[in-house]
Amino acid sequence: MIVDPVERGTLGDDQRVLATGRRIVLGLLGGTADQLDLARLLTRHQTVVGTTLRSRAVADKAEIVAGTRAEIWPHVASGAVRPVIDAVLPIQRAEEAHERLRTNATVGKVVLTVA
């Protein structure tokens, strides 16, 4: 599964690396979506799901958070699921970090540290 809450022109790359029969969960924090390759979607039995929390009721959001805490967080806590870290920068380089994110020059998260 690929979870891409930003989707800033990466849908094609997501589809290329997604294994047959798997799914992509998209959000639009980065604006409008990239082009979907329907041939790849069909021949590789991929599923694309769109989601947003913003328009959901508070009770729905609470249920999602509870499910995440119960089903996903234990895997994160154990180290079985880890984020991909692109860069670790000191807080003094926050402007550079934001520029890397703005230009989509990252693969993974950018972490700012405070010494």
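The largest nonpolar core here has five residues: Ile2, Leu11, Leu18, Ile24 and Leu26. A nonpolar core is a set of buried Ala, Val, Leu, Ile, Met, Phe, Trp, Tyr and Cys residues joined through side-chain atoms within 4.5 Å. Buried stands for under 20% relative accessible area, exposed for over 50%, and partly exposed for anything in between, using a 1.4 Å probe and protein chains only.

Before going on, some ground rules. This is a predicted model, where local features need pLDDT of at least 70 and side-chain atom pairs count only at pLDDT 80 or more, while totals for chains, interfaces and linings use all residues. Residues are numbered from 1 along each chain as its sequence is written, and side-chain values use heavy atoms, with hydrogens and water left out.

Back to the core. Which residues does Ile2 touch, leaving aside its neighbours within four places in sequence? The list is Asp14, Val17, Leu18, Arg23, Ile24 and Val25, with contact meaning heavy atoms within 4.5 Å. Two of these partners, Leu18 and Ile24, are listed in the core as well.

**The chain overall**

The chain has five helices and five strands, and from the N terminus on they run β-α-β-α-β-α-α-β-α-β. Helices (H or I, at least four residues) and strands (E, at least two) are DSSP runs, numbered from the N terminus. The C-alpha trace spans about 50 × 35 × 30 Å along its principal axes. Of the 115 residues, 18% count as buried. Accessible surface comes to about 8,500 Å², and 58% of that belongs to carbon and sulfur atoms; these areas are from the Shrake-Rupley method with a 1.4 Å probe, and for residues only the protein chains shown count as cover. As for contacts with a separation of 6 or more, 39% are between residues 24 or more positions apart.

**Strands 4 and 5**

Ala87 sits in strand 4 (residues 85-90) and Lys109 in strand 5 (residues 109-113). They are 22 residues apart in sequence, yet their C-alpha atoms are 6.9 Å apart in space. Outside its neighbours within four places in sequence, Lys109 is in contact with Pro83, Val84, Ile85, Asp86 and Ala87. Seen from the other side, with the neighbours within four places again left out, Ala87 is in contact with Arg100, Lys109, Val110 and Val111. Ala87 counts as buried because its relative accessible area is 13%. Val107 is another residue to check against Ala87: they are 20 residues apart in sequence and 8.9 Å apart C-alpha to C-alpha.

**Salt bridges**

How many salt bridges does a search of the whole structure find? It turns up five, a salt bridge being a side-chain nitrogen of Lys or Arg within 4 Å of a carboxyl oxygen of Asp or Glu. Among them are these:

| Pair | Closest N and O atoms |
|---|---|
| Arg40 and Asp37 | 3.5 Å |
| Glu96 and Arg93 | 2.8 Å |
| Glu99 and Arg102 | 2.8 Å |

Arg40 is partly exposed at 23% relative accessibility, and its partner Asp37 is partly exposed at 30%. For the next pair, Glu96 comes in at 34% and Arg93 at 37%. Why are Glu99 and Arg102 separated by about one helical turn? It's because they are three residues apart in helix 5 (residues 94-102). Glu99 is partly exposed at 36%, whereas Arg102, at 52%, counts as exposed.

**A surface patch**

Leu36, Leu38 and Val48 make up a nonpolar patch on the surface, with about 220 Å² of accessible area together. Patches take residues with over 30% relative accessible area and no salt bridge; like charges are joined within 9 Å, and nonpolar side chains (Val, Leu, Ile, Met, Phe, Trp, Tyr) within 5 Å. Leu36 is in the loop between strand 2 (23-26) and helix 2 (38-43), and its relative accessible area of 34% makes it partly exposed.

**Positive phi values**

Where is His45? Look in the loop between helix 2 and strand 3 (47-50). Its phi is near 55°, a positive value in a residue other than glycine, and at 54% relative accessibility His45 counts as exposed. Asn104 also has a positive phi, near 60°, and is likewise a residue other than glycine. Asn104 belongs to the loop between helix 5 and strand 5 and is partly exposed at 34% relative accessibility.
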